[in-house]
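Student: I should like to work through this model with you, beginning with the way its chains meet. Could we take the questions one by one?

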Protein chains: 2
Amino acid sequence: MELKNMENKDISKGVGNKINIGLFGFGTVGGSFYRILDIRKKEIEAMLSADVTIKKIFTRGNRNPSIDNIGNLMVNNADDILNDKSINVIVELMGGIDPAKEYIEKAIKNGKSVITANKALLAEHGEGIFKLCKKHNAHIGFEAAVGGGIPILRSIKNGLAGDSITSVFSIINGTSNYILSKMTNEGGKFDDILKKAQEKGYAEADPSFDINGIDSAHKLVILGRLAFAASISLKDVIIEGIKEVSDIDICFARDLGYKIKLLGILKNDDSKIEIRVHPTLIPSASLLSNVDGVFNAFFLNAKFAGPISLTGYGAGGMATASAVMGDFIEIGGKIINSEKHHDIFLNESSNKVQIKRKKDIISRYYLRFSAMDRPGVLAKISKILGDNSISISSMIQQGRKIDGSVPIVITTHEANEEELLKSIELCDKLDIILAKTMILRIEDNVN
Amino acid sequence: MELKNMENKDISKGVGNKINIGLFGFGTVGGSFYRILDIRKKEIEAMLSADVTIKKIFTRGNRNPSIDNIGNLMVNNADDILNDKSINVIVELMGGIDPAKEYIEKAIKNGKSVITANKALLAEHGEGIFKLCKKHNAHIGFEAAVGGGIPILRSIKNGLAGDSITSVFSIINGTSNYILSKMTNEGGKFDDILKKAQEKGYAEADPSFDINGIDSAHKLVILGRLAFAASISLKDVIIEGIKEVSDIDICFARDLGYKIKLLGILKNDDSKIEIRVHPTLIPSASLLSNVDGVFNAFFLNAKFAGPISLTGYGAGGMATASAVMGDFIEIGGKIINSEKHHDIFLNESSNKVQIKRKKDIISRYYLRFSAMDRPGVLAKISKILGDNSISISSMIQQGRKIDGSVPIVITTHEANEEELLKSIELCDKLDIILAKTMILRIEDNVN
């Protein structure tokens with residue numbers, strides 16, 4: 001963009017028409033950011049009316065093998081970037097909390113703006129970092145931390161700023177969604193598919209954060225803060241991973257008209273917020289259940305705008321770097337125009353919200369009992385459920401034995417989780433129940 | 001949001017901590033905007049650290065019947081708003097070009113910022129209005145002009161600013177989508193369903209702009225300008241409506257594995273831009289083909305971010321007003337912080353792009369011939385197609401006659417539109433062809 005009224009521009013900060021970037025991390029995403037700037041430099045510089053340069057790069061070893069010829073940009077010491085007064089923006093794509101936290105905090109204190117894709121860091125220390133930005137008048141962008149290339153955060157914090165979000169159902173971990181999609185569409189057991197995914201590079205060598213729900217929880221915390229302008233921390237999230245989901249559950253779910261997805265769920269009923277990550281049965285006919293493989297999706301409901309959905313690649317170097325570049329252009333424009341930040345999420349006095357505790361959740365449930373093949377089994381289970389106010393919606397009992405026991409699948413009407421868990425505990429003590437009962441939540445309206 | 005550093009704020013413009021709105025139009029959307037501000041006033045004022053008031057309302061008669069008790073806000077003369085120096089922002093929700101254009105231009109000249117949902121005005125006079133904004137340093141927001149409550153414009157102009165959009169397939173007219181969805185899912189003829197839609201209020205008394213594709217074309221022009229940072233006008237758009245689509249075509253499409261949707265299509269192959277609105281066969285298995293009823297959808301491809309989709313309500317008072325309010329909060333923040341605009345679409349020197357002409361389009365085609373029930377018909381048609389380099393992909397000939405003729409449906413491989421039209425013209429001159437051949441385009445990859 002051509003700025004005609006340059007005389008008003010504050011050049012006292014030494015910004016002039018130049019934006020220098022310090023890049024932390026040069027792996028898949030860092031290398032992709034470098035490449036996008038290389039490909040689109042002319043257009044980006046025209047948009048900002050400024051020269052844009054990656055001046056220095058710091059990485060702890062992880063080095064994108066597909067990019068060479070970057071000249072002498074590499075520095076061996078992070079302080080070479082952090083103390084360089086000519087660098088206005090740092091782009092942090094290292095991931096992990098240490099040392100990214102230290103670098104980001106120092107950059108902010110040194111008057112630099114920050115763009116990061118670091119979901120773990122923002123989930124655990126975001127509120128402190130936002131306060132620091134406010135104090136030092138630094139801009140911060142983190143669209144890439146949630147949903148890769150999908151513009152979900154700006155849709156929530158800007159597009160729906162005047163609205164009121166009542167629920168979000170999200171698929172925000174590509175690895176888990178890939179495994180569950182494969183199990184659903186092609187059959188197979190969790191461990192085998194995970195192994196193949198690792199061989200193909202769709203899952204990390206250590207996939208624990210992905211499959212145990214922590215990665216989704218990190219993203220959901222960031223999403224929840226923006227959606228509800230609320231102070232939310234990781235310990236507020238109910239987190240259950242997909243490790244326990246068996247091929248049997250996927251088959252029974254299908255028979256019942258459902259698919260199983262690892263969902264990140266936010267709900268706001270005006271008094272309390274629910275924030276949870278767990279494998280969930282959702283209707284096979286829903287659009288969300290057809291979001292497969294490495295795709296991410298956000299199906300949200302807003303009080304006035306109604307149901308809105310966004311889908312796209314939730315990971316991958318170029319998709320994530322595209323979102324980083326979107327943030328860079330927005331923040332670059334603010335730097336060139338010497339604007340102060342005025343983002344609501346930088347507000348110290350975010351709404352203090354009440355988080356709904358696990359025992360207070362109301363949901364429908366899928367229960368798979370592993371029972372002895374003996375008369376009267378169903379009567380005993382259903383008596384315990386009935387005595388605890390758990391109302392049965394449907395039941396499947398098939399003849400075939402699995403591991404010596406007969407699976408009995410029951411879905412419930414809406415029930416209180418505390419009462420549900422109490423009754424399952426009682427069931428599991430029956431001598432006719434041979435293994436821990438599988439409990440999954442059902443969401444019938446995911447948009 | 002609480003702004004602590006208020007001492008830096010420019011209060012010389014008389015803004016102070018007060019934003020006064022002049023509202024033009026008080027029908028469905030205008031009334032909804034009034035209501036959302038009423039419901040969310042506390043939160044919106046906290047976000048902006050400012051008092052926010054609708055100071056005056058002007059309407060030409062259309063008056064939302066569900067809102068009373070608005071006190072003495074109504075003015076009889078638009079100038080009462082346009083010349084009121086205490087009004088910083090006008091929200092234009094009257095629709096139509098006259099007198100909205102005059103009011104908006106006068107407001108900008110008088111130093112006010114503008115928020116509008118007026119797609120016709122922006123499509124036809126947007127570039128002039130943007131220039132005027134730039135000249136008078138006025139902010140303009142128009143998220144609500146395309147896709148109702150779906151944050152598509154800010155996703156494109158901010159989220160994907162660093163990326164490069166290669167294609168957009170969109171459903172952007174609720175009335176047409178409602179009619180085609182009904183014809184597809186429940187059967188029935190166009191005229192009957194339109195009549196019922198009018199009775200239910202889903203279609204206007206005069207639905208011509210909706211069903212002949214003009215409304216979609218207006219929105220597509222706005223979308224195209226942002227997606228390609230290009231100078232595009234309404235006359236660049238190839239526009240075909242849904243009036244000619246018959247229930248027979250919908251049945252044949254289904255047999256071939258397709259549904260028919262009115263799409264707004266943008267494509268950019270780096271040298272020329274395609275911009276067209278027409279009924280299109282898209283695969284029944286695609287997610288886009290399952291966007292039914294009054295929902296709108298945008299399935300786009302970006303060079304780096306890959307496929308991204310957004311869906312939601314594309315119309316309706318509250319959904320549209322939600323988007324207007326999102327714009328208001330963004331622009332209100334800029335006013336309070338005395339920021340200059342620096343939106344790329346305000347740039348006078350938008351890319352001059354080449355628009356692909358109709359005759360240069362390459363597409364697959366669905367052709368329905370109305371032929372005499374006589375031997376040799378197929379040979380004659382296929383000879384003409386072959387002679388003109390049109391390669392046949394599939395063919396359906398059913399025995400039954402419709403209106404005295406036998407339908408023969410042919411789908412082609414990719415063909416040049418000029419050659420296709422030439423060969424169909426030759427076919428239609430055959431004495432065995434009894435009516436004008438129905439031609440529809442096929443898009444196999446809509447995401």
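Student: Why can the copies be said to meet through the same surface?

Tutor: The model is a predicted one, and the reasoning rests on its interface residues. Of those in chain A, 98% are interface residues in chain B as well, so the two copies meet through the same surface. The share that supports this conclusion is 98%.

Student: By what turn can chain A be laid on chain B?

Tutor: The superposition gives an RMSD of 0.0 Å, with a shift of 0.0 Å along the axis. The copies are therefore related as by a two-fold rotation axis. The turn itself is 180°.

Student: Which residue of chain A has the C-alpha nearest the axis?

Tutor: One looks for the C-alpha in chain A with the smallest distance to that axis. The distance is 2.3 Å, and the residue is A:Leu310.

Student: Which element gives the most to the side of chain A that touches chain B?

Tutor: In total, 53 residues of chain A are in contact with 52 residues of chain B. Helix H1 (28-48), helix H5 (152-159), strand S12 (306-313) and helix H11 (317-336) of chain A each supply at least two residues to this side. By class, the side comprises 25 nonpolar, 20 polar and 8 charged residues. The element giving the most, with 11 residues, is H11(A).

Student: How many bridges join S12(A) to strand S11 of chain B?

Tutor: S11(B) covers residues 306-313, and the two strands run antiparallel. Within this pairing, A:Ile308 stands opposite B:Gly312. The number of bridges joining the strands is 5.

Student: Which helix supplies the largest share of the largest nonpolar core?

Tutor: This core has 282 residues, and those touching the most other members are A:Phe33, A:Val91, A:Val324, B:Phe33, B:Val91 and B:Val324. Leaving aside neighbours within four places in sequence, B:Val324 is in contact with B:Phe33, B:Val91, B:Ile115, B:Ala117 and B:Ala144. The largest share of the core, 11 residues, comes from helix H11 (residues 317-336) of chain B.

Student: Over which residues of chain A does pLDDT stay under 50?

Tutor: Chain A averages a pLDDT of 91, and 94% of the residues score at least 70. The model as a whole scores ipTM 0.92 and pTM 0.93. Where pLDDT is low, the predicted coordinates should not be read in detail. In chain A, the stretch under 50, for which the model has 21 contacts beyond four places in sequence, is residues 1-15.

Conventions: Residues numbered from 1 in each chain as written. Chains lettered and ligands numbered in written order. Predicted model: local features only at pLDDT ≥ 70, side-chain atom pairs only at ≥ 80, totals over all residues. Contact = placed C-beta atoms within 7 Å. Helix = DSSP H or I, 4+ residues; strand = E, 2+ residues; numbered from the N terminus. Nonpolar A, V, L, I, M, F, W, Y, C, P; charged D, E, K, R; others polar. Pairing = 2+ DSSP bridges. Core = buried A, V, L, I, M, F, W, Y, C linked by C-beta atoms within 7 Å. Buried ≥ 20, exposed ≤ 12 C-beta atoms within 10 Å, placed from the backbone. Least-squares fit on C-alpha atoms with pLDDT ≥ 70 in both. pLDDT = per-residue confidence, 0-100.
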